Amino acid sequence: MWAEFIRRAIMQGIPLLFGSTGEIITEKSGNLNLGIPGIMYVGGIGGVIGAFLYEQNTTELNPFLAVFIPLLCSILCSLIMGLIYCFLTVSLRANQNVTGLAMTTFGVGIGNFFGGSLVKLAGSDVPSINLTATSSYFRTSLPFAEDLGWFGQIFLSHSFLAYLAIITAIVASFVLTKTRTGLNLRAVGENPATADAAGIRVEKYKYLATCIGSIIAGLGGLYYVMDYANGVWSNDGFGDRGWLAIALVIFAIWRPNLSILGSILFGGLYIVHNYIPNLDVSGQELFKMLPYVVTILFLVITSIGKKRNAQPPASLGLPYFREDR
Amino acid sequence: MQASQNNEVYAIRLEGISKRFGNKIANDNVDLNVKHGQILAILGENGSGKTTLMNVIAGIYFPDHGKIFVDGKEVVMKSPKEAIKYGIGMIHQHFKLVDVFSAAENIMLGLEEKEKYSIKRCEKRVSEIANQYGFEIDPSRKIYEMSVSEKQTVEIIKVLYRNANILILDEPTAVLAPQETEKLFDVLRKMRDDGKAIIIITHKLHEVLSLSDQVAVLCKGKYIGTVNTAETNEAKLTEMMVGKKVTLNIDRPEPINRKPRLELSHVSCVNREGTKILNDVSFTAYSGEILGIAGIAGSGQRELLESIAGLQKPEGEILYIDPETGKTEDLRSKTPMQIREKGISLSFIPEDRLGMGLVGNMDIVDNVMLRSYRKGRPFLLDRNNPKKLAEKIIEDLEVVTPGVSTPIRSLSGGNVQKVLVGREIASAPTVLMSAYPVRGLDINSSYMIYHLLNKQKENGCAVIYVGEDLDVLLALADRILVICAGSVSGIFDARTTTKEEIGLKMIQNKHQRGSDANG
């Protein structure tokens, strides 16, 4: 049973991992994108729209296309969200907090609108869309995982998106700490005036980091629908995972590699109430609080410690304009 | 074209550069030449457009008009990156360094090398450059652990690492102790002999005379002229700079009715990191005199003033002696509000003008009101009296501003300081503390501040003046207290002491300070 618990924790953690990796890359450029919950939501509905249209217009699903179309739609939708955010905050220098919160409201709204429309198009009795066929392709895992006992269950039973999340986090970590691009990106988030004077194109880095971050975060939404929810989209089903992803950024002290462990921990805390016997509803809600409590405690601890390398990028949330005096 | 006619190629040649910000003309038709193997000093009052001009050369600002020639060829630089390509490197007044990066990481920033990214190789080259010019630096140390002069070293190496042949330094000595300045000048001379062209901005005339080959003077954005340093002197330069002759002598009236006003005994103070910033400081400040405080930046001057003003929690005793009743009051661990409620008029002009002194986004009236908002009707604010006071400050201190309702942030540094000083002396203080009140101010504004401090002194106020220019301290103060690593290393009569004596006391405990900082 504990192997199953860990497996479920990982599955619960993967959307958070996508979200936090995306947000870390974004924040390293100095953009505090509070639109991540909305972007993840849009990434999810984007995949749903793609899959729905493909399932409706073909009789026999091609396995490659069944995965590729939703993936592409999800990426495009998140990218558009990222571009809107960048245009507002980087080009027009709008307030990042306000823009981010607006993006979340907008993203959830647009997701629910299309979710509702698709339900109507499908003529379904229940307020949800069922994409089991597409989902089964997404959930394809290694065939021999079942035979390897707990090891296979924990480590090998996942779908390709889960492994992609972990690889993305590792690659992001490597790029941030071990490459010239990463150095330049971190400098943009710490001190854009310095980066600018060093000949780094601040706007380009902010745009690229934020858009790539949005795409990665959007994949978290896609994973949630196609893998975790078995291809069933229902409005507002995504819950508060977007905010949890942002909390995870702080918990991982802006390091994607720590985010991998953090996401599993958060995932575990998120579902632990299911594994505690004789829990009533209010008790369950208390347990669901745990990831947030952990984040707050962690914030308290890191703030007391005052370690310089556990702090957010110094210019996080601030606009940059070269000729500002 | 002209370069070839003169048969010599200038490293940098500017022709008719103009740059404006909104309605404000920062540079108006400026010409400038500098050759390789030459140090050019740029001199000018505050707001004369020196920094703007340098930013134009460094590609940070794009000029509205004019041409830039590098090594005889006309260039168009749209970004700092292109300036770097032409071998132009700028060391900014406010360092452009990322605090959480190491020196080597900062130096590598933005580089586009063909070779593989390697911090190790960068660190090795940094050490090579450091050895060549006689710097001391640990390339793997983080910037936030470094002192100001170390940070400056990183900035200079960063520029050299990019093979810059033209170096621009914006007020590099403003933050350095005299000994550190000398060291920097030695390095700059070595670079000049290496064939590099160096442009240096400074306010300090003696530095201009001791270092540069030529001096270019700007005044109110206009180019006045260039002279050979060997053929000029302080008086001539000052005349070019301000347009009219300014007496270089600062008045120093004799103290009258000198009585103890503030007695500090055994004051110690610990900062947030737990390092001892003030160590057993004892002295007395008298009414009717200016007590100068000299010391290397960061020796505890700030904490000393803040302790008196009620912004720190020091140990020891800070006694205030009331001029009328003679009653004493311990100011220690009282808040500024409690001190004011005791009827003690304490004025504090902090070094961080826009951070601690004034609110940048508020206008002059609102800033003046910060001192008096508790007066007036119980619920609504009284804006009339502060407005009158603001108008009086603008008139008396010649503040250049479009009006009383202009946000402070959009005024130039000198005018911001005038507003702050004007507000503080308006409350008729009995103790006036000022930290670097003329930092970044031009000569005219500086003299106005000196004059205002002298006036307070004549009014029987105990004036404490923390300064960095020893010449000014020696000419303005009655006594000079030298602080070194948080301890008082000596108190001197400013009329009889020498610059050397004070300079020596400033670094007396320097070795000990270094080990404290590391521990």
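How many salt bridges does the rule find across the interface of chain A and chain B? Just 1 turns up there, and the legends below start with that interface. Keep in mind that this is a predicted model.

**Figure 1. The salt bridge between chain A and chain B.** The partners are A:R186 and B:E105, whose side chains meet at 3.7 Å, N to O. That is the 1 salt bridge the rule picks out across this interface. On the chain A side, α8 (180–190) and α9 (192–197) each put in at least two of the residues that touch chain B. Of the elements on that side, α8(A) gives the most, with 6 residues. Sorted by type, the chain A residues that touch chain B come out as 7 nonpolar, 5 polar and 10 charged.

**Figure 2. The wider interface of chain A and chain B.** Here 22 residues of chain A are in contact with 33 residues of chain B. The size of an interface is often quoted as the accessible area lost when the parts come together. For this pair of chains, the area buried between them is about 2400 Å², and carbon and sulfur atoms carry 56% of it. As for polar contacts, the rule finds 3 residue pairs across the interface, both residues at pLDDT 80 or more.

**Figure 3. Chain A as a whole.** Chain A is built with 14 helices and 2 strands. Its radius of gyration is 20 Å, close to the 20 Å that the globule rule gives for 325 residues, so chain A is as compact as a globular protein of that length. Along the principal axes, its C-alpha trace spans about 60 × 45 × 40 Å. Some 52% of the 325 residues of chain A count as buried. Look at the contacts in chain A with a separation of 6 or more, and 77% of them join residues 24 or more positions apart.

**Figure 4. B:T173 and its surroundings.** B:T173 sits in the loop between β7 (166–170) and α7 (178–193) of chain B. Is B:T173 buried or exposed? It counts as buried because its relative accessibility is 2%, and the cut-off for buried is under 20%. The side chain of B:T173 makes a polar contact with the side chain of B:E207, at 2.7 Å. Setting aside neighbours within four places in sequence, B:T173 is in contact with B:T181, B:L184, B:F185, B:T202, B:K204 and B:E207.

**Figure 5. B:K204, seen with B:T173 and B:A174.** B:K204 belongs to the loop between β8 (197–201) and α8 (205–211) of chain B. With a relative accessible area of 22%, B:K204 is partly exposed. Beyond its neighbours within four places in sequence, B:K204 has B:T173 and B:A174 as its contacts. B:E234 is 30 residues away from B:K204 in sequence, and the two are 9.9 Å apart in space, C-alpha to C-alpha.

**Figure 6. Positive phi at B:E171 and B:A428.** Phi of B:E171 is near 40°, a positive value in a residue other than glycine. B:E171 is placed in the loop between β7 and α7 of chain B, and with a relative accessible area of 12%, B:E171 is buried. Over at B:A428, phi is near 45°, again positive in a residue other than glycine. That residue, B:A428, is found in the loop between α15 (413–426) and β17 (431–435) of chain B. At 54% relative accessibility, B:A428 counts as exposed.

Methods. Residues are numbered from 1 along each chain as its sequence is written. Chains are lettered from A and ligands numbered from 1 in the order in which they are written. This is a predicted model: local features need pLDDT of at least 70, side-chain atom pairs count only at pLDDT 80 or more; totals for chains, interfaces and linings use all residues. Side-chain values use heavy atoms; hydrogens and water are left out. Helices (H or I, at least four residues) and strands (E, at least two) are DSSP runs, numbered from the N terminus. Buried means under 20% relative accessible area, exposed over 50%, partly exposed in between (1.4 Å probe, protein chains only). Contact means heavy atoms within 4.5 Å. Buried area is the accessible area (1.4 Å probe) that two parts lose on being put together, summed over both. A salt bridge is a side-chain nitrogen of Lys or Arg within 4 Å of a carboxyl oxygen of Asp or Glu. A polar contact is a pair of N or O atoms within 3.5 Å; within protein, one must be able to donate a hydrogen and the other to accept it, and residues adjacent in sequence count only if both atoms are side-chain atoms. Ala, Val, Leu, Ile, Met, Phe, Trp, Tyr, Cys and Pro count as nonpolar, Asp, Glu, Lys and Arg as charged, and the others, Gly among them, as polar. The radius of gyration is taken over C-alpha atoms; the globule rule is 2.2 Å times the number of residues to the power 0.38.
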